[in-house]
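Student: I have the model open and would like to go through it piece by piece. Start with the ring contacts, please.

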Amino acid sequence: MKPAMSAAADARPYREGVGIALLNRDDLVFVGQRIDQTAEAWQMPQGGIDPGEDPLQAALREMEEEIGVPAKLAEVIAESRGWLSYDLPADLADKVWKGRYRGQRQKWYLARFKGRDSDINIETPHPEFKEWRWLPFRQLPDLIVPFKRPIYELIVAEFADRVRS
């Protein structure tokens, strides 16, 4: 059961964000294990939208910042129909993003990776992942932290018709 958020946390806005599901030639999806978690926490590249940036630009920038893959090595093949939101658990709401947001509202993209595994580099200037792997797309929700699981289930459902694995 998810802990109830305080009334103050509920009044906070959502942080505007993006995510990208990057598929290899075998229709396996990239996931990285977060470097800042003691628990095993895996996710796809995702993050906030900078001022003046459109969501697609932000998703491609996040991909490059987090896993070293430039936009030219990703062909975007789908965009989520709407924005998907998650709330942070009560114990994180005051810590993450300096307590300014209750969670994140995200636009998601599905992209085909046109590079080689050697083009992926998680040892970026500000690393977010300590390891990475390719995973069958439909298994995504099984590895995700519980508070993000509903979004990942929606992503899998929305993009499933475009993924063979």
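Student: How many aromatic pairs are there in the whole structure?

Tutor: A search of the whole structure finds eight. Rings of Phe, Tyr and Trp (the six-membered ring of Trp) pair if their centres lie within 6.5 Å, and planes under 30 degrees apart are stacked, over 60 edge-to-face, and the rest tilted. One of the eight is F30 with W132, a stacked pair at 5.5 Å centre to centre with 25 degrees between the planes.

Student: Which parts does that pair tie together?

Tutor: F30 is in strand β2 (residues 28-34) and W132 in strand β8 (residues 129-136), so the contact joins parts that are 102 residues apart in sequence. Strands here are DSSP runs of E with at least two residues, helices are runs of H or I with at least four, and both are numbered from the N terminus.

Student: Before I lean on any of this, what are the ground rules?

Tutor: The model is predicted: local features need pLDDT of at least 70 and side-chain atom pairs count only at pLDDT 80 or more, while totals for chains, interfaces and linings use all residues. Residues are numbered from 1 along each chain as its sequence is written, and side-chain values use heavy atoms, with hydrogens and water left out.

Student: Fine. Is F30 buried or exposed?

Tutor: F30 is buried, at 0% relative accessible area. Its partner W132 is partly exposed at 24%. Buried means under 20% relative accessible area, exposed over 50%, and partly exposed in between, with a 1.4 Å probe and protein chains only.

Student: And which class does W134 fall in?

Tutor: W134 counts as buried because its relative accessibility is 15%. Back to W132, partly exposed at 24%: its ring centre is 5.6 Å from that of W134 and the planes stand at 90 degrees, so this pair is edge-to-face. F30, F113, F129, W132 and W134 form one aromatic cluster.

Student: What lies over the face of W42?

Tutor: R133, at 4.6 Å from the ring centre. The test for a charge over a ring is NZ of Lys or CZ of Arg within 6 Å of the ring centre and within 35 degrees of the ring normal.

Student: New topic, pockets. What volume does the largest one have?

Tutor: The largest pocket has a volume of about 540 Å³. R34, D36, V96, W97 and K148 are the closest to its centre, out of 26 lining residues. The elements that give two or more residues to the lining are β3 (42-43), β4 (46-48) and α2 (55-67). Of these, α2 gives the most, with four residues.

Student: How is a pocket defined there?

Tutor: On a 1 Å grid over the protein atoms alone, a cavity is a set of points where a 1.4 Å probe fits but cannot get out, and a pocket is an open set with protein on both sides within 12 Å along at least five of seven lines; lining residues have an atom within 4 Å of a point. Points are joined across faces, edges and corners, and the volume is the space filled by probe spheres set on them.

Student: What is the lining made of, by class?

Tutor: Ten nonpolar, six polar and ten charged residues. Ala, Val, Leu, Ile, Met, Phe, Trp, Tyr, Cys and Pro count as nonpolar, Asp, Glu, Lys and Arg as charged, and the others, Gly among them, as polar.

Student: W97 came up near the pocket centre. Where is it in the chain?

Tutor: W97 is in the loop between α3 (90-93) and β7 (103-113). W97 has a positive phi of about 55 degrees although it is not a glycine. K98, found in the loop between α3 and β7, also has a positive phi, near 55 degrees. K98 is exposed, with a relative accessible area of 73%.

Student: Last, the overall picture. How many helices and strands?

Tutor: Five helices and eight strands. From the N terminus on, the order is α-β-β-β-β-α-β-β-α-β-β-α-α. The chain's radius of gyration is 15 Å, close to the 15 Å that the globule rule gives for 165 residues, so the chain is as compact as a globular protein of that length. That radius is taken over C-alpha atoms, and the rule is 2.2 Å times the number of residues to the power 0.38. The C-alpha trace spans about 45 × 35 × 35 Å along its principal axes.

Student: What share of the residues is buried?

Tutor: Buried residues make up 47% of the 165 in the chain.
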